[in-house]
Structures are given as structure tokens and as C-alpha cells.
Amino acid sequence: MVIIFAAMNEMDNVYHKLITELNQKKVTLIAVSKTKTIGAIEALYALGQRDFGENYVQEVVQKYEAMHRDIRWHFIGHLQTNKVKYIAPFIHAIHGVDSLKLLAEINKQAAKLDRTINCLLQVHIAKEETKFGFDDIELAAAMKQVSMYPNVHIRGLMGMASFSEDETLIRNEFQHLKMLFDKYTLTHADFNTLSMGMSGDYTIAIDEGSTMVRIGSMLFGARAKHN
Ligand SMILES: *Cc1c(COP(=O)(O)O)cnc(C)c1O
């Protein structure tokens, strides 16, 4: 019991410090709850958090069904086209849209439900080959097409910096994403969200103009590997 209370107080403190800082800077917090239990999410909900991020379809569906209806669920992982239909009825925003094929499918499923789904286009800014996203040229081509999809609402861009100790590298990658965000903000009035920054690099991301950070391990503690 003592250990549980100590852990809860720790989460409390970390959350209050973080949310105060983010509110001052007008940055939205997505609490990344992937792999975490409903109990852990409930603890943050009780502190007032409403935006949660998940990256597995089955997991977010189960959590949605089990939890409060005023939670805004953000899908932040790589989404397969054939799974869009499972999250389309309730998802608040999809952060990792990385192909027009996926965008078309989100539009189709949203249209069936007579709703509009917020989407962020994912840009590949990191050195690592393994990360998903459009490159600059593909993004330019995609941005020309977005008006063809009336049931998706493109709100901005999302990106992940290299997993690196090199602060300069991370900063440069975020600067690049911000430059693209500013460019498309000029022509797309609905652009208002730049989703960049995680537990390890969110302070750099905010310095470089992030409006939304996705933070998991700093709030909930470390996850098992490969998540
Ligand atoms: C897991 C994940 C995060 C959160 O990572 P932490 O390092 O735990 O803060 C953010 N964004 C995406 C896309 C993720 O998959």
C-alpha cells in the first residue's frame, strides 16, 4: 500500500509540474497511455487530463469502451488501412497519417458515420529509416490533394526526431518540421497543430514551436521494451 501511494503522489507531482509549464506555453498535452492499465489512465483522468494517446487499434478500442466518454483518444501509431473502421466511430484525432491511401480510407469511414476526423500528416524528419512519414516532396503532393477528402480535417503536422543524444540533430529536425508547418499554415487556414516532442525531447520541441507534445514514460513510468 505504501508503495502504491508513493507512486501515485509521484505521478501527481510530475503531472502538475508538466501541465503548469505546458499551459503557460499554450502547448497541449497528449498523455501517451499505450500499454498502461485503465487504472493508471484513471489516475491521470482524476487530475483533469482528457487527451490520451494510443498506438494499437485493439487496445484503444478496449479502453474507449471501458472508460469515460469525454476522453479524447488520439491515435499516434502507424495505422493500417484495414483497421481504420474500428477506430473511426470515436477517435478524436489520427496523428500518423503517412499516405494518401490511408487518408482516403479515413475519409471513407468518416463519411459512412457522417463525421469528420481530425488528422495530422506525419513527416519523416529523423535520420532513422525505420520511422514512417512523408518526405518534403511527398508532403507537397499530398497537401495539394487534401481538399478531395471532405470528411477529414487536416489540422497540421506530426513528426518524431531521431532517437539520439545529439541535441543539435534533434533541434535541426524539429526546426525543419516547424518550417514546413509555417509554410502550409499560410495556405491552409485550418492548420493549427504541430505535434512534436516526447518525454526525452519535448523541451527542445517546445523551443522550436511545438503546439502539442506526446508524453508517455515521463508520466506513467517506463514501458516494457519495443513499445
Ligand atoms: C510511445 C510514443 C510517444 C511517447 O513516448 P515517451 O518517450 O514514452 O514519452 C510519443 N509519440 C509516439 C508516436 C509514440 O509512439
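Start with the packing around helix H3: helix H2 (38-46), strand S2 (51-54), strand S3 (72-75) and H4 are among the elements that cover its buried residues. The model on screen is predicted.

**Stop 1: helix H3**

Select Val-57, Glu-59, Val-60, Val-61 and Lys-63. These are the buried residues of H3. Then add H2, S2, S3 and H4 to the selection to see part of what covers them.

**Stop 2: the aromatic pairs**

How many aromatic pairs does the structure hold? There are three. Visit two of them here.

Select Tyr-64 and Phe-90 for a stacked pair. The ring centres are 4.0 Å apart, and the planes make an angle of 10 degrees. Where do the two partners of this pair lie? Tyr-64 is in helix H3 (residues 57-66). Phe-90 is in the loop between helix H4 (84-87) and strand S4 (93-97). With their positions 26 residues apart in sequence, the pair links distant parts of the chain. Is Phe-90 buried or exposed? Phe-90 is buried, at a relative accessible area of 12%.

Now go to Phe-181 and Phe-191. They too form a stacked aromatic pair, 5.8 Å centre to centre with 20 degrees between the planes. Phe-181 sits in helix H7 (residues 167-187), and Phe-191 in the loop between H7 and strand S7 (193-195), so this pair ties together parts ten residues apart in sequence. Colour both by accessibility. Phe-181 is buried at 7% relative accessibility. Phe-191 is buried as well, with a relative accessible area of 5%.

**Stop 3: charges over rings**

Return to Tyr-64 and show Arg-69. The charged end of Arg-69 sits over the Tyr-64 ring, 4.3 Å from the ring centre. Next select Tyr-45 and Arg-50. Here the charged end of Arg-50 is over the ring of Tyr-45, and the distance to the ring centre is 3.5 Å.

**Stop 4: Asn-192**

Select Asn-192, in the loop between H7 and S7. Asn-192 is partly exposed, with a relative accessible area of 44%. Which residues does Asn-192 contact, leaving aside neighbours within four places in sequence? They are Arg-155, Phe-181 and Thr-211. Display side chains for Asn-192 and Thr-193: a polar contact of 2.7 Å joins them. Then draw a line from Asn-192 to Asn-118. Their C-alpha atoms are 11 Å apart, although 74 residues separate them along the chain.

**Stop 5: strands S1 and S8**

Show strand S1 (residues 28-32) beside S8. The two run parallel, joined by four bridges. Pick Thr-28, whose bridge partner in S8 is Met-212. Now look along strand S8 (residues 212-215). Met-212 and Arg-214 point one way, while Val-213 and Ile-215 point the other. All four are buried.

**Stop 6: the ligand**

Finish at the ligand, which has 13 residues around it. Lys-34, Ser-199, Gly-216, Ser-217 and Arg-223 are the closest.

Three polar approaches are worth labelling:

- Lys-34: an N or O atom in the side chain is 2.6 Å from an oxygen atom of the ligand.
- Ser-217: a backbone N or O atom is 2.7 Å from an oxygen atom of the ligand.
- Arg-214: a polar side-chain atom lies 2.8 Å from a nitrogen atom of the ligand.

Keep Arg-214 selected as you zoom out. This residue belongs to strand S8 and points the way Met-212 does.

Definitions and conventions: Residues numbered from 1 in each chain as written. Predicted model: local features only at pLDDT ≥ 70, side-chain atom pairs only at ≥ 80, totals over all residues. Heavy atoms only, no water. Phe/Tyr/Trp six-rings, centres within 6.5 Å; stacked < 30°, edge-to-face > 60°. Buried < 20%, exposed > 50% of the residue type's maximum accessible area, 1.4 Å probe, protein only. Lys NZ or Arg CZ within 6 Å of the ring centre and 35° of its normal. Pairing = 2+ DSSP bridges. Contact = heavy atoms within 4.5 Å. Polar contact = N/O pair within 3.5 Å; in protein donor to acceptor, adjacent residues only side chain to side chain. Near = heavy atom within 4 Å.
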